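Q: Got a minute to walk me through this fold? I'd like to start with how the helices sit.

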Amino acid sequence: MSSMIATAGALAGELESCLARWSERTGVTVETWALPAAGVPSRVSSGVLAVLGEALSNVERHSGARSVSVAVTVGGRGLRITVSDNGSGFADGREGRGIAGMRAALAALGGDLSVNGVPGEGTTVSGWCPTGKLDFTGN
């Protein structure tokens, strides 16, 4: 099982690299609030990277944001990811394939996702998943 646990800082390094490339390509400023110092299961790392990729894609395609703030933390209850932008926002209830995909990625890990948009002010994507179980059964 330990071979499936990412080394401490490995996810943080991948996140930093992904954010830097995305910011350079899009010209959108990224503010990093927090990155995980602890190792997490590789399955969790993959899910978090998928959620981040889709959240950033939505920012690029839909929001018109000039900046994005990202926080990924690991604690006793699991991993939390928050991606907030200062773009156009949207009225709640408008959920496309991208949001459904992010929700499914975290649900597969036993977690959940919320998306809150405020028209004219931006959108915040927040997700959570447990890190202690590699074989989550939903109970």
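Q: Which strands does helix α1 lie across?
A: This is a predicted model. In it, helix α1, residues 10-26, lies across β1, β2 and β3.

Q: And what's its angle to β1?
A: Helix α1 runs at about 160 degrees to β1.

Q: OK, what about helix α3, where does that one lie?
A: Helix α3 covers residues 97-107 and lies across β4 and β5, with β5 being 122-129. Its direction is at about 150 degrees to β4.

Q: Switching to the sheet: what's the strand order, and is it open or closed?
A: It's an open sheet of five strands, ordered β1-β2-β3-β5-β4, and the pairing is mixed.

Q: Which strands stand at the edges, then?
A: β1 (29-34) and β4 (112-118). Each has a single partner strand, so one side of each has no neighbour in the sheet.

Q: How many degrees does the twist average from one strand to the next?
A: The average is 10 degrees per step between strands.

Q: Do β1 and β2 run parallel or antiparallel?
A: Parallel, with five bridges joining them. Glu-31 of β1 stands opposite Ser-69 in β2.

Q: And how do β2 and β3 pair?
A: Antiparallel, over eight bridges, with β2 at residues 67-75 and β3 at residues 78-85. A hairpin of two residues links β2 to β3.

Q: Which residue in β3 is opposite Ser-69?
A: That's Ser-84. So that I don't skip a neighbouring pair: Ala-71 stands opposite Thr-82 in β3.

Methods. Residues numbered from 1 in each chain as written. Predicted model: local features only at pLDDT ≥ 70, side-chain atom pairs only at ≥ 80, totals over all residues. Heavy atoms only, no water. Pairing = 2+ DSSP bridges. Helix = DSSP H or I, 4+ residues; strand = E, 2+ residues; numbered from the N terminus. Axes fitted to C-alpha atoms, helices over the stretch in contact; angles between N-to-C directions. Contact = heavy atoms within 4.5 Å.
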